[in-house]
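Here is a brief report on one protein chain. Its core packing comes ahead of its overall form.

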Amino acid sequence: MFTCPGCSQKLLKHTEPGKGVFWYCPDCEGRTATVPLLRRYVDRDAVNRLWQAAREEDGSGYRACPSCNRSMTAVHIPVEDQPVVLDVCKSCQLVWFDKREYDRLPPLPPEPVEPDLSPKAKQALALIEVDRIREQRQHDMDNDFGAVPLEYWKF
């Protein structure tokens, strides 16, 4: 079972619908999440900076991983021009967040909402795209490159 690296209490499992599983400490309110889970809910650049910094860090931190009990790496990342120190287990790909640290990370931007189109409208858009591709192909054939497509996926 997972134990809190801050106060050694047993971590509790919390499943957020549509988000995944987090483990949290009821005493100190810290939590842990995997790097793949963070990639789904935190800004990708922030997660990439965090993981890259953890990989480049040679030293280790003072906290033990909640999963494997190895020493986690203390990683300093800038968030809104102020550094946040997170503990990362490189072997388990777990990140430990003290109280409110997770909330400081920038969230993933919302997906653009596409309007709900009728099947007839979708078909019309598909035909327009087919015509555009056909015209581009004809243009490519008419230029100096002959019949060789410029985009690799058109071969």
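In this predicted model, F97 touches several residues beyond its sequence neighbours within four places: G30, R31, A33, L38, L86, Y102 and L105.

F97 also belongs to the largest nonpolar core, which has 22 residues. Together with L38, L50, I77 and V95, F97 touches the most other members of that core. Five elements each give two or more residues to this core: α1, α2, β4, β5 and β6. The top contributor is α2, with five residues. Another core lies apart from this one. It holds 10 residues, including F2, C25, C65 and L94.

The elements that give two or more residues to the 22-residue core span these positions:

| Element | Residues |
|---|---|
| α1 | 35-41 |
| α2 | 44-56 |
| β4 | 73-79 |
| β5 | 82-89 |
| β6 | 94-97 |

Now the overall fold. The protein has four helices and six strands. Along the sequence, they run β-β-β-α-α-β-β-β-α-α.

How does the radius of gyration compare with that of a compact globule of 155 residues? The protein has 24 Å, whereas such a globule would be near 15 Å. Along the principal axes, the C-alpha atoms fill a box of roughly 70 × 40 × 30 Å.

Of the 155 residues, 29% are buried. Among contacts with a separation of 6 or more, 41% join residues 24 or more positions apart.

The exposed surface is about 10700 Å², with 52% of it from carbon and sulfur atoms. The protein carries 21 positive and 24 negative charges. Their mean positions are 7 Å apart.

Definitions and conventions
Residues numbered from 1 in each chain as written. Predicted model: local features only at pLDDT ≥ 70, side-chain atom pairs only at ≥ 80, totals over all residues. Heavy atoms only, no water. Rg over C-alpha atoms; globule rule 2.2 N^0.38 Å. Buried < 20%, exposed > 50% of the residue type's maximum accessible area, 1.4 Å probe, protein only. Contact = heavy atoms within 4.5 Å. Areas by Shrake-Rupley, 256 points an atom, 1.4 Å probe, with all protein chains shown as cover. Lys, Arg positive; Asp, Glu negative; His and termini not counted. Charge placed at Lys NZ, Arg CZ, Asp CG, Glu CD. Core = buried A, V, L, I, M, F, W, Y, C linked by side-chain atoms within 4.5 Å.
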